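Please work through the following exercises with the sequence and the model side by side, and try each task before reading its solution.

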Amino acid sequence: MRTPPCHRFFKTTVATIWILIALTATQCTAQPTPKRALLALSKVDHTLAIIDPASLKILARVPVGPDPHEVIASADGKTAYVTIYGGGSLHELSVVDLAGQKALPSIDTKPFMGPHGVTFADGKLWFTAEGTKTVVRYDPATGKFDWCMGTGQDRTHMIYVTGNGKKVYTTNVSSATVSILTDSLMKPRGFQNGPPPPNGSAGGPPPAREEWVQTVIPVGKGSEGFDVSPDGKELWTAGAGDGIVTVIDLATEKVTTSIDAKVQGANRLAFTPDGKLVLISSLRAGDLFIFDAATRKQIKQVSTGHGAAGILVDDDGSRAFIGCTGDNYVAVVDLKTLTISGHIAIKGADGLAWATRP
């Protein structure tokens, strides 16, 4: 029997009213992004969560591309960039307006495949492209890739760039190496054996040119997570395959220490802001291993949850946030007591970052 038109009208009207009520409620309860926000990726929901770090309340979840792995915010804290990895097969950076809490048009990284590690330095976005064994620089002002360099190493994965953009560090997981890429100003060709003519004179020299040089350093098997000490003197990286932590002196670019840390399945590594502690997460053990940076000795092992991955330390060194992928939460660790103080529900939690607006 056909539904009378009046009944159909009534049902449609009621449905429309409920939709309007839901939208109004959402708009009323939506909270603005704070000047300092915690960002957390969900590998399951394919979203970026914007979190109030004071209350640990999730303020918004913004959709991003499939298989998100790492996230970074721009220097002004207004925009987040998310690497869409796909094991080296995908070619996308998702872009999020943090104040507007909405997705922006994504960036196609082709021909650079498998973006993974990402950071922001010297006004530019830098990322590893694991599928093409490269490091790439993107200029948000021009919307163009303005530099890239191949490492020739397998699984160029995580990245750290100095503030002036003159040095780049990467871990190359399957090659068990660290790459140090250094930008050096070189004399113009043809004038190495004597002083060049004055600038502006007829036949004067061309301007100095940039020359990027790579140093490759062997480290522990499966080394992936790494960090540079706050004083810029050392690089520490942890090997997932052998549990070895390798310490590199960055002045000499030589390995100074190999620590048998026994952190099997090591995933990420981070210094505390004062440089006193080194935190290492383990995918296999689901624990956070805490080391004294000066003595190179383990001082605590904290059970955080299954699949402990991303690490982010609070600016004042009071807390650490650990993305526990298997347990679908971010664990909050009190670094004064070295105990778990809370959890944030994020399905398939992994990449973490801060976003700070002036």
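The exercises below concern a predicted model, and each is followed by a solution in steps.

**Exercise 1. The largest pocket**

Describe the largest pocket by its volume, by the residues closest to its centre, and by the strands that supply its lining.

Solution. Begin with the volume, which is about 1100 Å³ for the largest pocket. Next, turn to the lining, which is made of 38 residues, and of these Ile72, Thr119, Tyr160, Asp227 and Leu312 are the closest to the centre. Then assign the lining to strands: β4 (68–73), β8 (115–121), β12 (156–161), β16 (223–228), β20 (266–271), β24 (308–313) and β28 (349–356) each contribute at least two residues. The strand that gives the most is β28, with five residues. Finally, sort the lining by class, which yields 24 nonpolar, eight polar and six charged residues.

**Exercise 2. A sheet that begins with β4**

Work out the order and pairing sense of the open sheet that contains β4, and say which strands stand at its edges.

Solution. The sheet is built of four strands in the order β4-β5-β6-β7, with antiparallel pairing. Its edge strands are β4 and β7 (102–108), since each of them pairs on one side only. From one strand to the next, the twist averages 25°. For a closer view of one pair, take β4 and β5 (residues 79–84), which are joined in the antiparallel sense over four bridges; within this pair, Pro68 lies opposite Ile84 of β5. Just outside the strand, Pro66 sits in the loop between β3 (58–63) and β4. The C-alpha atoms of Pro66 and Tyr85 are 8.1 Å apart, although 19 residues separate them along the chain.

**Exercise 3. The sheet that contains β20**

Which strands of the open sheet β20-β21-β22-β23 stand at the edges, and why is one side of each left without a neighbour in the sheet?

Solution. Start from the order β20-β21-β22-β23, in which the four strands pair in the antiparallel sense. The edges are taken by β20 and β23 (297–303), and because each has a single partner strand, one side of each is left without a neighbour in the sheet. Neighbouring strands here are turned against each other by 20° on average, direction ignored. At the β20 edge, four bridges connect β20 with the antiparallel strand β21 (residues 277–282), and Ala266 stands opposite Ser282 in β21.

**Exercise 4. β26 and its two hairpins**

Describe how β26 pairs with β25 and with β27, and state how many of its residues are buried.

Solution. Strand β26 (residues 329–334) is mostly covered, as five of its six residues are buried. With β25 (residues 319–324) it pairs antiparallel over six bridges, and Ile322 has Ala331 in β26 as its bridge partner. These two strands form a hairpin with four residues between them, and Asn328 in the turn has a positive phi of about 60°. On to β27 (residues 339–345), which runs antiparallel to β26 and is joined to it by six bridges; here Asp334 stands opposite Thr339. Again a hairpin results, with four residues between β26 and β27, and Leu338 in the turn has a positive phi of about 60°.

**Exercise 5. Accessibility of single residues**

Decide whether Cys148, Cys324 and Pro66 are buried or partly exposed.

Solution. Apply the cut-off first: a residue is buried under 20% relative accessible area and exposed over 50%. Cys324, at 0%, is therefore buried. Cys148, with 38%, is partly exposed, and Pro66, with 42%, is partly exposed too. To finish with the cysteines, the structure holds zero disulfides.

Notes. Residues numbered from 1 in each chain as written. Predicted model: local features only at pLDDT ≥ 70, side-chain atom pairs only at ≥ 80, totals over all residues. Heavy atoms only, no water. 1 Å grid on protein atoms, 1.4 Å probe; cavity = no way out; pocket = protein on both sides within 12 Å on 5 of 7 lines; lining within 4 Å. Points joined across faces, edges and corners; volume = space filled by probe spheres on them. Nonpolar A, V, L, I, M, F, W, Y, C, P; charged D, E, K, R; others polar. Pairing = 2+ DSSP bridges. Axes fitted to C-alpha atoms, helices over the stretch in contact; angles between N-to-C directions. Buried < 20%, exposed > 50% of the residue type's maximum accessible area, 1.4 Å probe, protein only. Disulfide = S-S within 2.5 Å.
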